[in-house]
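Let's take a walk through this structure together, from a ligand's surroundings to the backbone and on to an annotated domain. Have your viewer ready.

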Amino acid sequence: KTIYLSEYRVPAYLVDSVDLTFELFEEGARVHSVLSVRRNPDSDAGPAPLELDGDSLKLESLALDGKTLDEGAFEDLGDRLVIPGVPETFELTVVTWIEPQNNTRLEGLYKSSGMFCTQCEAEGFRCITYFPDRPDVMSRFRTRIEAEKSAYPVLLSNGNDVDRGDLADGRHFVTWEDPFPKPCYLFALVAGDLVEKRDSFTTCSGREIDLRMYVEPRNAEKCDHAMDSLKRSMRWDEDVYGREYDLDIFMIVAVDDFNMGAMENKGLNIFNSSCVLASQETATDMAFQRIEAIVAHEYFHNWSGNRVTCRDWFQLSLKEGFTVFRDASFSADTGSPTVKRIEDVTLLRTAQFAEDAGPMSHPVRPSSYMEISNFYTLTIYEKGAEVVRMIHSLLGPDMFRKGSDLYFERHDGQAVTTDDFVRAMEDASGRDLSQFRLWYEQAGTPVLDVSDEFDASAGIYRLTIRQSIPDTPGQSNKQPQHIPFAMGLLGAQGQALPLRLRSGDTDAPLERVLELTDAEHTFEFHGLDERPVPSLLRHFSAPVRVSYPWTREQLQFLMSHDPDGFNRWDAGQRLAVDVIQGLVGNPDEDAIDSRLVDAYRQLISDSSLDQALVAKMLQLPSEAYLIELSEAADAPAIHAARERVLKRLATALRDELVACYNRNHQSGPYRVTPEQIAGRSLRNTALSWLLLINDDEGRELASQQFRAADNMTDRMGALRALVNSDYEADRERVLSEFYERFRHDPQVVEQWFSVQAASGQAGRLPQIRALLEHEAFDWKNPNKVRSVIGAFAGQNLAEFHKPDGSGYEFLAEQVCRLDDSNPQIAARLVTPLTRWRKFAPSYGEQMKAGLEKVRDKAGLSRDVYEVVHKSLAD
Ligand code: ARG
Ligand code: ZN
């Protein structure tokens with residue numbers, strides 16, 4: 001069944017308050033819910049029946065204004081209760097019985113390593129009790145939790161704890177009250193034996209906020225980084241957006257079994273352990289940065305998501321796109337802005353562009369879905385953030401801030417739409433964003449075809465930009481979009497040239513943001529003595545593909561001269577892509593362009609360059625990105641060509657790599673700063689390149705580093721380099737040493753799984769099957785599933801795309817297996833197969849066969865059904 005945005009109707013009934021009591025037991029939980037219901041004055045449905053959503057519930061009793069409703073007084077439609085003939089206002093009492101201990105979908109109330117926890121977004125609350133489970137019904141929640149005191153000393157819910165006490169039989173209770181009306185997707189409950197870490201934050205108006213983290217005792221030493229990130233997020237949101245925290249307590253809980261990264265429940269954020277817990281010994285630099293960003297993201301949701309929420313789930317990007325934009329700005333302010341931008345664009349161009357060109361392509365504001373869980377996508381999050389970023393660059397920071405102030409003020413306490421967001425930006429700035437709104441409505445990645453000519457006699461350089469948007473499922477003949485296109489021009493000496501749109505223009509800027517609104521524009525730049533080199537789409541000012549016939553000389557030139565760091569990196573990527581693509585399917589071509597070697601030699605050797613940028617520039621474009629750029633892709637051939645380029649580079653630059661390794665030796669204590677991160681990244685890149693060419697000194701350095709490392713970045717860097725080398729004995733040795741050392745830490749074991757599953761050397765199919773049998777593997781834990789099956793199908797591409805189709809068959813088999821226990825995870829895992837049209841027919845046909853096998857599984861979940869059927873549709 002498909003749900004359409006066009007069928008949105010305001011709720012017929014509102015729930016002003018909810019009074020919940022949870023009786024938690026080992027064999028299940030009883031949920032008492034008392035709702036104050038009133039007819040919605042804004043609804044024209046009149047005295048309609050009351051409809052409540054429910055999923056996997058056992059109804060024990062139902063009463064209206066204290067009078068029990070028996071069987072005939074309501075209708076149970078399986079996924080809904082329908083109660084006809086209700087008065088204008090009334091109190092409804094619902095008692096349900098649920099079994100959290102058997103809940104493997106991890107939606108609603110479930111158990112994770114002995115504790116009770118919840119995940120209600122998007123539609124998990126209906127697995128707890130019957131309720132109008134939609135975000136435009138906002139209620140005040142009061143929650144009483146009762147449980148055995150010794151096993152569950154900590155009982156948490158949203159808001160403030162207002163009452164607690166002991167009960168008979170060793171049980172106790174705590175009552176929580178959240179003063180802010182909220183949709184039920186923001187409800188949360190936690191009960192467990194957890195240690196508490198406390199800190200505090202004083203807000204801009206002088207209020208003291210109690211900050212608390214709750215984790216399993218073995219993780220007590222892994223909270224500092226998240227707590228510190230939280231405090232910096234709170235300060236940043238005050239400074240940059242004027243947003244102050246509103247409750248007296250802010251809590252973070254870490255749970256091991258979690259479908260996603262984290263959840264912004266009001267005052268009680270719940271995190272996947274891997275997205276919040278960190279220590280120098282167990283977490284890599286990347287993990288530290290990711291944790292900081294996710295803690296900030298969830299915290300920022302308190303305003304962009306909770307105080308102002310979504311009217312319906314088609315508006316999901318209202319909160320997610322905006323909040324990703326906010327957390328990215330925070331990370332940019334905290335670390336290196338150029339590096340942050342490079343990381344975000346890499347993800348966007350590799351994965352979101354692929355999604356946008358695939359069978360699940362959808363607009364930032366979709367107009368239909370079958371299963372909303374399938375729409376927590378890169379398009380909603382990452383492209384949605386790019387759309388907000390474009391508004392920011394069109395309006396400028398001051399007007400954007402005026403717009404966000406107006407948005408928060410105008411819509412505080414409301415459930416609104418992306419259109420309301422854009423309107424606030426328009427009203428505050430006076431800008432017309434009507435054409436811009438197409439970014440929310442049209443799917444597909446716009447393509448900009450850029451051409452140029454130089455009129456030497458007139459000194460005029462003409463840039464012509466044509467935009468087109470490819471057809472996507474259900475959408476064709478799209479209208480041109482409003483695109484901010486930042487650019488500059490470089491002279492032969494690498495100097496930035498003034499951008500004169502008229503001759504004699506004085507004070508012309510060195511960078512402009514051109515606004516594209518038509519299908520084609522030509523811009524003229526005057527007063528130029530020579531043909532300039534264009535620097536296009538600086539800092540990736542719009543989520544589009546740019547095609548321009550760069551020569552390799554121009555790219556090499558931009559790599560060292562472009563004043564925009566992002567475009568320096570981008571030029572290097574384009575040059576490397578060009579070189580690698582030239583080798584794909586040419587196994588006899590051994591030489592590589594000396595320009596690439598020279599460019600990399602300069603990067604490695606010149607320590608005066610920004611080392612954080614250099615560390616990024618040294619990363620060759622990934623196989624996934626190369627596949628995304630190709631048609632009729634041959635993954636093993638792409639893998640081989642990329643490996644050949646890496647090996648040629650490593651061979652040519654062998655001495656420079658050793659020098660770079662030694663130069664970047666860190667002295668002094670471990671810190672997560674841009675400088676130190678860059679140093680470790682350079683060192684570990686050098687190491688991995690040396691091992692690719694079986695360099696004996698590299699091998700020695702790696703073994704030493706593996707043994708002596710005082711942090712996980714270096715230990716993992718050495719482990720990865722050795723695992724991916726031809727030194728089989730070393731590989732076995734370091735893998736087992738690593739496991740023995742960290743076997744008691746699930747987050748590290750996950751990294752151990754994925755370094756193998758992603759490796760062409762350690763991740764052959766029989767080895768993958770062996771990992772699934774490993775004592776530490778657990779089918780019920782999404783992180784473990786992702787770290788083996790997800791890493792194999794997503795990163796070990798030459799193995800996954802083995803010409804015999806065994807990788808596809810394997811994935812189809814695992815998806816079927818997971819579909820019964822956790823459909824959300826199964827639907828995510830199947831993604832690589834859905835890209836079958838992207839590959840050469842010999843691969844594509846077998847991928848399709850894998851999908852068909854999944855399609856034919858008995859009792860397929862709605863989640864997987866939607867993905868598979870859309871992928872197979874023509
Ligand atoms: N709102 C959460 C976040 O982005 C993600 C929740 C995802 N839930 C889901 N069922 N897919 O921070
Ligand atoms: Zn979010």
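Here is a short tour, beginning with some notes on reading the model.

The model is predicted, so to speak of local features a pLDDT of at least 70 is needed, side-chain atom pairs count only at pLDDT 80 or more, and totals for chains, interfaces and linings use all residues. Residues are numbered from 1 along each chain as its sequence is written, while chains are lettered from A and ligands numbered from 1 in the order in which they are written.

Start at ligand 1, whose surrounding residues include Glu121, Ala122, His297, Glu298 and Glu320; a residue belongs here if its C-beta atom, placed from the backbone, lies within 6 Å. Both β20 (262-263) and α2 (285-300) supply at least two residues of this shell. Helices (H or I, at least four residues) and strands (E, at least two) are DSSP runs, numbered from the N terminus.

Now look at the backbone beside the ligand: Glu121 and Ala122 are joined by a cis peptide bond, with omega about -5°. Ala122 sits in the loop between β11 (115-119) and β12 (139-148). Most peptide bonds are trans, and most residues other than glycine have a negative phi.

Two residues have a positive phi near 50°: Asp65 and Leu537. Which of the two labels, buried or exposed, fits Asp65? Asp65 is exposed (12 or fewer other C-beta atoms within 10 Å), with 11. Leu537 is buried (20 or more), with 25.

Finally, an unreviewed UniProt entry annotates residues 553-873 as "domain: Peptidase M1 alanyl aminopeptidase C-terminal"; UniProt positions follow the numbering used here, feature names are shortened, and annotations may be inferred rather than shown by experiment. This stretch, residues 553-873, is 73% helix and 0% strand.
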